Amino acid sequence: MRYAVVNRGSIREEIFTSRAVIDAVKAGRPLPNGTVITLVDYRDGALFRYVVMEKRTGWGAGYPPEKRNGEWEYQAFNADQSVNQDENLDRCFSCHKPRGGRTSCTRSTG
Ligand code: HEC
C-alpha cells in the first residue's frame, strides 16, 4: 500500500510497502524480515523508473563495513520493470547509509 507521496518540481515519488511494515514502523519495532519498499519515480506525469530496497535476515554480511547497510539490498528498475544494469548500486548504499535526509533519491540520480 502507498504510504507517501513526494512532489518535487516535475518529479513525483510514490512510495509503497506492506501493511505489516507500516504497523512495525508505527509500533517502533524493527522492520520485518522480507520488508520491501518500492519508490515509483514519475517525471512530468510519466512513469520513469522504480527503486526498490529489501531487507532479509543475514543479507549484507558479504559487504565490507564501510559499505554495508544493515541487512538492506538495493536495486533500480526501468519503467518496463527490467533491471537497470546501468545503475551504480554503490550510490544507493553510500547515500542511504548515513540517511541524514539532506537530499533524495530522485534529486541525485537525475
Ligand atoms: C543522493 C542520495 C540517495 C541516493 C543515491 C539514493 N537514495 Fe534512495 N532515498 C534517499 C532519501 C533521502 C530518501 C527519502 C525519501 C525521498 O526520496 O524523498 C530515499 C528513499 C528511498 C526509498 C523509499 C523508502 C524510504 O526509505 O523512504 C527507496 C526504496 C530507495 N530510496 C531506494 C534507493 C535505491 C534502490 C537507490 C539506488 C538505485 C537509491 N535509493 C539511491 C537518498 C538516496
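In the predicted model, the side chains of Tyr74 and Asn69 are joined by a polar contact of 2.5 Å. Tyr74 is a residue of strand 5, which spans residues 72-78. Tyr74 counts as buried because its relative accessibility is 7%, below the 20% limit for that class. Apart from neighbours within four places in sequence, Tyr74 is in contact with Asn69, with Val52 and Met53, and with Leu89, Cys92, Phe93 and His96. Helix 2 covers residues 89-96. Cys95 is 21 residues from Tyr74 along the chain, and the C-alpha atoms of these two residues are separated by 11 Å.

A second polar contact of a side chain was found at Lys55, in strand 4 (residues 46-55). The side chain of Lys55 reaches the backbone oxygen of Leu31 at a distance of 2.9 Å. Lys55 is buried but forms no salt bridge. The nearest side chain of opposite charge is that of Glu71, at 4.7 Å; this distance lies outside the 4 Å limit, so the pair is not counted as a salt bridge. With neighbours within four places in sequence set aside, the contacts of Lys55 include the run Pro30, Leu31, Pro32, Asn33, Gly34 and Thr35. Glu71 and Trp72 are also in contact with Lys55.

Salt bridges elsewhere in the structure number 10. One of them links Arg49 with Glu87, with the closest N and O atoms 3.7 Å apart. Arg49 lies in strand 4, whereas Glu87 lies in the loop between strand 5 and helix 2, so the pair ties together parts that are 38 residues apart in sequence. Both partners are buried: Arg49 has a relative accessibility of 7%, and Glu87 has a relative accessible area of 17%. Through salt bridges that share partners, Arg49 and Glu87 belong to one network with Asp41, Arg43 and Arg91.

Asp41, a member of this network, is placed in strand 3 (residues 35-43). Its relative accessibility is 0%, and Asp41 therefore counts as buried. Beyond neighbours within four places in sequence, Asp41 is in contact with Ala46, Leu47, Phe48 and Arg49. Further contacts of Asp41 are with Ile11, Arg12 and Thr106.

Arg12, listed among the contacts of Asp41, also takes part in a salt bridge with Glu14, in which the closest N and O atoms are 2.8 Å apart. The two partners fall into separate accessibility classes. Glu14 is buried, with a relative accessible area of 9%, whereas Arg12 is partly exposed at 31%.

A further salt bridge joins Asp23 and Arg19, with 3.7 Å between the closest N and O atoms. Both residues lie in helix 1 (residues 19-27) and are 4 residues apart, about one turn of the helix. Asp23 is partly exposed, with a relative accessible area of 33%. Arg19 is also partly exposed, at 45% relative accessibility.

The secondary structure of the protein chain consists of 3 helices and 5 strands. Along the sequence these elements follow the pattern β-β-α-β-β-β-α-α. Strands 3, 4 and 5, which hold Asp41, Lys55 and Tyr74 respectively, correspond to the run of three strands in the middle of this pattern.

Overall dimensions were computed for the chain. The radius of gyration is 14 Å, which agrees with the value near 13 Å for a compact globule of 110 residues. Along the principal axes, the C-alpha atoms fill a box of roughly 40 × 30 × 30 Å. Of the 110 residues, 31% are buried. The accessible surface comes to about 6800 Å², and carbon and sulfur atoms account for 52% of this area. Among contacts with a separation of 6 or more, 37% are between residues 24 or more positions apart.

Notes:
Residues numbered from 1 in each chain as written. Predicted model: local features only at pLDDT ≥ 70, side-chain atom pairs only at ≥ 80, totals over all residues. Heavy atoms only, no water. Helix = DSSP H or I, 4+ residues; strand = E, 2+ residues; numbered from the N terminus. Buried < 20%, exposed > 50% of the residue type's maximum accessible area, 1.4 Å probe, protein only. Lys, Arg positive; Asp, Glu negative; His and termini not counted. Polar contact = N/O pair within 3.5 Å; in protein donor to acceptor, adjacent residues only side chain to side chain. Contact = heavy atoms within 4.5 Å. Rg over C-alpha atoms; globule rule 2.2 N^0.38 Å. Areas by Shrake-Rupley, 256 points an atom, 1.4 Å probe, with all protein chains shown as cover.
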